[in-house]
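Let's take a friendly walk through a protein structure, one piece at a time. Keep the picture open while you read.

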Amino acid sequence: MARVVVDVMLKPEILDPQGQAIARKLPQLGYEGVASVRQGKRFELELDGPADEAALDRARKIAETLLANPVIENYEVRVL
Amino acid sequence: MDAARVGIITFPGSLDDRDAARAVRLAGAEPVTLWHGDHDLRGVDAVVLPGGFSYGDYLRAGAIARFAPLMGELVDAAKGGLPVLGICNGFQVLCESHLLPGALLPNAGLHFVCRDQRLRVQNADTAWTTEYAEGQELVIPIKNRDGRYAADRATLEELAANGRIVARYVDLNPNGSLDDIAGICNEAGNVVGLMPHPEHAVESLTGPSTDGLGFFTSIVKRLVNA
């Protein structure tokens, strides 16, 4: 069984109001000096077979097809 | 002659399919119920993708509905010229399906927005807007959480340069959409996506105006004259 992580993040130029809302709260909690927060999604896939390059390729195809919208998001895959 | 037949696709989580059917009927066409799980467009002359939360909007708004069985037929038919109007969630599905460029993201203010919204029609030549005049202002309801239209700068410039911005928000931008975009169309003008809800503004008893009816009478007139 291969465990593969897919991290999906909004592209840097896309406004992330959720991240901004989180960033605004931090100083009230005593966390100063956080210049910005961006919120993303993490998917963990369990794939049949070994954790090899073919498994990463399958994860990339899944990410491009469904997990990420390439118009607004970037993604990265890695073996867990 | 027979009335034009306008299909309305119901997905699990669609909310406004019945209102859309009613608007179609008021405009003088015959509404035809279409089911997302079928592979049959039932020979309709045009299709409305209604508002709601298809598949719960799990993952992203419209992302899973895009892969509904009927969407394969719909995408092919739309590329072949079938008039398609996507309202709210339907607009999100059209973007996820790549029938329209860009994407719809959570509102900039993060709140669900529900209000009577003023719009300006920017393109009165699409399949769904010929009953309006360019520059005409409409007041129709908007109600969404994920209504912020986004696309890269080159796409926005292309949309503006080629008249593909169908409507813009006036007075107030309710969701942070880039360039105040409320609706766009494809290159051929047969596929239109609109975030506000014209089907909720077709009778003075239930809507803030009857300004939305023109989207439906536009398509009826086009189909009768076709």
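Start with two neighbouring strands in chain B of this predicted model. Strand E9 (residues 165–169) and strand E10 (residues 181–185) of chain B pair in the antiparallel sense, joined over 3 bridges. Try finding one of these links yourself: B:Ile165 has B:Ile184 in E10(B) as its bridge partner.

Now zoom out. Which strands of chain B make up the open sheet, and in what order? The order is E2-E1-E3-E4-E11-E10-E9-E6-E7, which gives 9 strands with mixed pairing. At the edges you will find strand E2 (30–35) and strand E7 (137–144) of chain B, each of which pairs on one side only. From one strand to the next, the twist averages 25 degrees.

Next, look at a set of residues picked out by a database record. In an unreviewed UniProt entry, the annotation "active site" covers B:Cys88, B:His197 and B:Glu199. Why can these residues be said to gather at one spot? They span 112 residues in sequence, yet no two of their C-alpha atoms are more than 10.9 Å apart, so they come together in one place.

Two of these residues can be set side by side:

| Residue | Loop in chain B | C-beta neighbours within 10 Å |
|---|---|---|
| B:Cys88 | between strand E4 (84–87) and helix H3 (89–96) | 29 other C-beta atoms |
| B:His197 | between strand E11 (191–194) and helix H5 (213–225) | 24 C-beta neighbours |

Is B:Cys88 buried or exposed? A residue counts as buried when 20 or more other C-beta atoms lie within 10 Å of its own. B:Cys88 has 29 of them, so it is buried. B:His197, with 24, counts as buried too.

What do these residues touch? Leaving aside neighbours within four places in sequence, B:Cys88 is in contact with B:Gly51, B:Asn144, B:Met195 and B:His197. With residues up to four places away again not counted, the contacts of B:His197 include B:Asp16, B:Gly51, B:Ile87 and B:Cys88. Also among them are B:Ile140, B:Pro141, B:Ile142 and B:Lys143.

Finally, turn to the place where the two chains meet. Here 9 residues of chain A are in contact with 11 residues of chain B. On the chain A side, helix H1 (residues 17–25) of chain A gives the largest share, 3 residues. How do the residues on that side of chain A divide into nonpolar, polar and charged? There are 7 nonpolar and 2 polar residues, and no charged ones.

Note on methods
Residues are numbered from 1 along each chain as its sequence is written. Chains are lettered from A and ligands numbered from 1 in the order in which they are written. This is a predicted model: local features need pLDDT of at least 70, side-chain atom pairs count only at pLDDT 80 or more; totals for chains, interfaces and linings use all residues. UniProt positions are given in the numbering used here, feature names are shortened, and annotations may be inferred rather than shown by experiment. Helices (H or I, at least four residues) and strands (E, at least two) are DSSP runs, numbered from the N terminus. A residue is buried if 20 or more other C-beta atoms lie within 10 Å of its own, exposed if 12 or fewer, and partly exposed in between; C-beta atoms are placed from the backbone. Two residues are in contact if their C-beta atoms, placed from the backbone, lie within 7 Å. Two strands pair if DSSP finds at least two bridges between them. Axes are lines fitted to C-alpha atoms, for helices over the stretch in contact, and angles run from 0 to 180 degrees between N-to-C directions. Ala, Val, Leu, Ile, Met, Phe, Trp, Tyr, Cys and Pro count as nonpolar, Asp, Glu, Lys and Arg as charged, and the others, Gly among them, as polar.
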